[in-house]
Amino acid sequence: MRMIKYMFLAYKTLAFNLLRGCCSFSKTRPLLKSSTSKMTVHAPWNQLPNDIWSSIFERLGLEDRLRFDLVCKQWRSNIKRTPQLLWLMLPYDRNSQYLSFFDMCEGKIRKFNLPGSAQGGWFSGCSKGWLFLVTGMDVDDLRIFLFDPISRSQIPLPPLSTISSFKDSFTARHPGWNPAACIINGVEISSSDASQCIVVIKFSINNRILALCRPQDERWTIVEGLLGDEYYYGNFSFFDGELYACILSSDKENNNQDPCFQTHSIILGSQRVNLKLISSTPPPTNLIFAADADESILYYKDSFRWPYLVESNGQLLVVTQVYDRIMDLDDSDSDSDSDNDNDDGDRTSLFMYFQAATFQVKKIQTLDDTLHTAVLTDVGNQSLFVGAGDCLAVKNCDKLYKNCIYFLHDMDYSLHKQDYPLISREAGVYYLEDGSIQRCLPSIKTQNHCLYMYWFSPNIKSRVLG
């Protein structure tokens, strides 16, 4: 009983002293206010300026960015004002249970497990954090999805069987190949929010049509008849709410065409999409600049040009990659000399190899629906990424070279010559300052087709954790 009494007195004394301390502190608060009245008063943490939020977010790695997204609505909304990360999607084996990416800024490999429903599928492109996934092997039973490797979310798209010319385009079946992987060679979506986006695809065989849809649509909308027989679609991109598409000419005689600009309206249900066609890249000169003794191997200068559309600092750039070509000819079946300056002679092309030679950068400007271009020789502290997958500009990454162009292009020659199971990979860095090229990622030989690589910008802005 005595012990309980002592404990009661001790707690009573402690409570009295705490209460007296609080009262004393409350009495000194005016004095503290007066002594600190000239100190700088900072805004609450949730009222930081947007540029500070962006500066913080740009310095975070992937794991911290994901945690950043989960804290609160205020932090999540600020993610939308910051640039995306940039990864390199590594070749995917259809028997694998995961996807691998190389983080260009952090210099590490990242692996993401595939859900069972995505395993064994074919990836035919990517855009704004979503991969274009095709499952199935039968032309009539293909399933198409947008797939987010981080959240593992899958957004179904209308079946390709709703495209009337799809079956006609697939004329040469490659054993073990997915039909869609053979003929689809470009995918673009309008927004990282896949539930509200517009999806556009183009084809390698019938390259004068586009197919558009929204995820909730039952069928694809076909855009055709806008191009003449000598023109075809190149790279395309959504910019400022409109769809821009580069068009190229296959007419080698027309080397001095003036840039032109056309606008067309496409109706998707109750939604209107403006399609703006850009023709600012003249056809290649395709000049022979060297040959061996019997002219069985020819070397062509400026043999092929391919434009890419890149958004940079609120502007739209056209980055044109110029290729030289080496062609190995077989004239064993020819009983007469050919002029050897193109592929239309009597001799058969055994093999062709395209090599990047230089790049040209132009800024697109429009005034009263008139196209104007201005040549750029410097892109400042930016690193431009062009080629397969996402084409974009990355700023403020210390591990990337500045004022340069990272390029990536895989050409699968087995599509044309099944005797050559070769994927020719042209990849490297082009330096705008002196026009030099640093190459990496050499060609590979493989029996497993579609081992392509893509530039990939992971979707951190509107993700759903798996």
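Is Trp87 buried or exposed in this model? Select Trp87 to begin the tour, and keep in mind that the model is a predicted one. Trp87 has a relative accessibility of 0%, so this residue counts as buried, the cut-off for that word being under 20%.

**First stop: the rings around Trp87**

The structure holds 17 aromatic pairs, and one of them joins Trp87 to Phe456, whose ring centres are 6.3 Å apart. The planes of these two rings stand at 40°, and the pair is therefore described as tilted. Now show the strands as well: Trp87 belongs to strand 1, which covers residues 87–89, while Phe456 belongs to strand 27, which covers residues 454–456. Because 369 residues separate the two in sequence, the pair ties together parts of the chain that are far from each other along it. Phe456 is buried too, with a relative accessible area of 0%. If you add Phe101 and Phe112 to the selection, you will have a cluster in which ring pairs link these two residues with Trp87 and Phe456.

**Second stop: Phe385 and Tyr406**

Next select Phe385 and Tyr406, another aromatic pair, which is stacked, with 4.6 Å from centre to centre and 10° between the planes. Phe385 lies in strand 21 (residues 382–387) and Tyr406 in strand 23, so that the pair links distant parts of the chain, 21 residues apart. Both of these residues are buried.

**Third stop: the second largest pocket**

Keep Tyr406 selected and turn to the second largest pocket, which has a volume of about 230 Å³. Its lining is made up of 16 residues, and those closest to the centre are Met104, Tyr406, Gly428, Val429 and Cys440. If you colour strand 23 (404–412) and strand 24 (422–431), you can follow how each of them supplies at least two residues of this lining. Colouring the lining by class instead gives 13 nonpolar, 2 polar and 1 charged residues.

**Last stop: Ser312**

Finally, select Ser312, which lies in strand 17, a strand that covers residues 297–312. Which residues is Ser312 in contact with, leaving aside its neighbours within four places in sequence? They are Leu317, Gln382 and Ala393. With Gln382 there is also a polar contact, in which the side chains of Ser312 and Gln382 are joined at 2.7 Å. Ser312 has a relative accessible area of 4%, and because the cut-off is under 20%, Ser312 is buried.

Technical notes. Residues are numbered from 1 along each chain as its sequence is written. This is a predicted model: local features need pLDDT of at least 70, side-chain atom pairs count only at pLDDT 80 or more; totals for chains, interfaces and linings use all residues. Side-chain values use heavy atoms; hydrogens and water are left out. Helices (H or I, at least four residues) and strands (E, at least two) are DSSP runs, numbered from the N terminus. Buried means under 20% relative accessible area, exposed over 50%, partly exposed in between (1.4 Å probe, protein chains only). A polar contact is a pair of N or O atoms within 3.5 Å; within protein, one must be able to donate a hydrogen and the other to accept it, and residues adjacent in sequence count only if both atoms are side-chain atoms. Contact means heavy atoms within 4.5 Å. On a 1 Å grid over the protein atoms alone, a cavity is a set of points where a 1.4 Å probe fits but cannot get out, and a pocket is an open set with protein on both sides within 12 Å along at least five of seven lines; lining residues have an atom within 4 Å of a point. Grid points are joined across faces, edges and corners, and a volume is the space filled by probe spheres set on the points. Ala, Val, Leu, Ile, Met, Phe, Trp, Tyr, Cys and Pro count as nonpolar, Asp, Glu, Lys and Arg as charged, and the others, Gly among them, as polar. Rings of Phe, Tyr and Trp (its six-membered ring) pair if their centres lie within 6.5 Å; planes under 30 degrees apart count as stacked, over 60 as edge-to-face and the rest as tilted.
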